[in-house]
Amino acid sequence: MAWRGQVCGYLKELRILLCQSSPSSSSARAFVENNYKDLKSLNPKLPILIRECSNIQPQLWARYDMGVERGIRLEGLSEAQISKALEDLVKAGAALKA
């Protein structure tokens, strides 16, 4: 999980959109509860925005240099799959910088 410490090197902003109560957002809520503190402590200058809205589909958005953004829908994904999706977004940022 060394990639977790490199998030701020490749992303300018990380946004997680989720519903406070819907079952489709349950794994996204669990991911935030279990991973936010670690991600923030490893990347203190990275803006990590948690946006809660009723009946929204859970999504993960990464903003890179030059305003480039990529998003992933999280509905139906487990907490481990969400972590893998974030890792893939970080690797995509690394590829953009290369």
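Helices, of at least four residues in DSSP state H or I, and strands, of at least two residues in state E, are DSSP runs, and both are numbered from the N terminus. The model shown in these views is predicted.

**Figure 1. Residue L96 of helix α3.** The view is centred on L96, a residue of helix α3. L96 is partly exposed, because its relative accessible area of 44% falls between the limits of 20% for buried and 50% for exposed residues. When residues up to four places away in sequence are not counted, L96 touches Y64, V68 and R70. Q59 lies 37 residues from L96 along the chain, and the C-alpha atoms of these two residues are separated by 21 Å.

**Figure 2. A nonpolar patch on the surface.** Three residues, M66, V68 and L96, make up a nonpolar surface patch. Together they present about 330 Å² of accessible area. M66 belongs to the loop that runs between β3 (59–63) and β4 (69–73), whereas L96 belongs to helix α3. M66 is exposed, at a relative accessible area of 83%; L96, at 44%, is partly exposed. V68 also appears among the contacts of L96.

**Figure 3. The largest nonpolar core.** This core has 22 residues, and those touching the most other members are V7, L11, L14, L60 and L86. Two or more residues are contributed by each of β1 (13–18), α2 (26–42), β3 and α3 (79–97). The largest share is that of α3, with six residues. Around V7, the contacts beyond four places in sequence are L39, N43, L46 and V90.

**Figure 4. Surroundings of S83 in helix α3.** S83 is a residue of helix α3. Its relative accessible area is 11%, and S83 is therefore buried, the limit for this class being under 20%. Neighbours within four places in sequence being left aside, S83 is in contact with W3, R4 and F31.

**Figure 5. Cysteines without a disulfide.** A search of the whole structure returns zero disulfides. For C19, the nearest cysteine sulfur is that of C53, at a distance of 7.7 Å. C19 forms no disulfide, as such a pair requires sulfur atoms within 2.5 Å. C19 is buried, with 1% relative accessible area, whereas C8 is partly exposed, with 36%.

**Figure 6. Salt bridge between K12 and D65.** The structure contains nine salt bridges, and one of them joins K12 to D65. The closest N and O atoms of this pair are 3.3 Å apart. K12 is in the loop between α1 (7–10) and β1, and D65 is in the loop between β3 and β4, so the salt bridge ties together parts that are 53 residues apart in sequence. Both partners are partly exposed: K12 has a relative accessible area of 38%, and D65 has one of 34%.

**Figure 7. Salt bridge between strands β1 and β4.** The side chains of R15 and E69 form a salt bridge with an N to O distance of 2.6 Å. R15 lies in strand β1 and E69 in strand β4, so this pair links distant parts of the chain, 54 residues apart. R15 counts as buried at 18% relative accessibility, while E69, at 36%, is partly exposed.

**Figure 8. The R73–E75 pair and a salt-bridge network.** R73 and E75 meet through their side chains in a salt bridge, at 4.0 Å from N to O. R73 is exposed, with a relative accessible area of 55%, and E75 is partly exposed, with 43%. Elsewhere, E13, R15, R63 and E69 are joined into one network by salt bridges that share partners.

**Figure 9. Residues with a positive phi.** Most residues other than glycine have a negative phi. N55 is not a glycine, yet its phi is positive, at about 60°. This residue, N55, is located in the loop between β2 (48–52) and β3 and is exposed, with a relative accessible area of 70%. M66, which is likewise not a glycine, has a positive phi of about 60°. M66 is located in the loop between β3 and β4 and is exposed, at 83% relative accessible area.

Definitions and conventions
Residues are numbered from 1 along each chain as its sequence is written. This is a predicted model: local features need pLDDT of at least 70, side-chain atom pairs count only at pLDDT 80 or more; totals for chains, interfaces and linings use all residues. Side-chain values use heavy atoms; hydrogens and water are left out. Patches are made of residues with over 30% relative accessible area and no salt bridge: like charges are joined within 9 Å, nonpolar side chains (Val, Leu, Ile, Met, Phe, Trp, Tyr) within 5 Å. Accessible areas come from the Shrake-Rupley method with a 1.4 Å probe; for residues, only the protein chains shown count as cover. Buried means under 20% relative accessible area, exposed over 50%, partly exposed in between (1.4 Å probe, protein chains only). A nonpolar core is a set of buried Ala, Val, Leu, Ile, Met, Phe, Trp, Tyr and Cys residues joined through side-chain atoms within 4.5 Å. Contact means heavy atoms within 4.5 Å.
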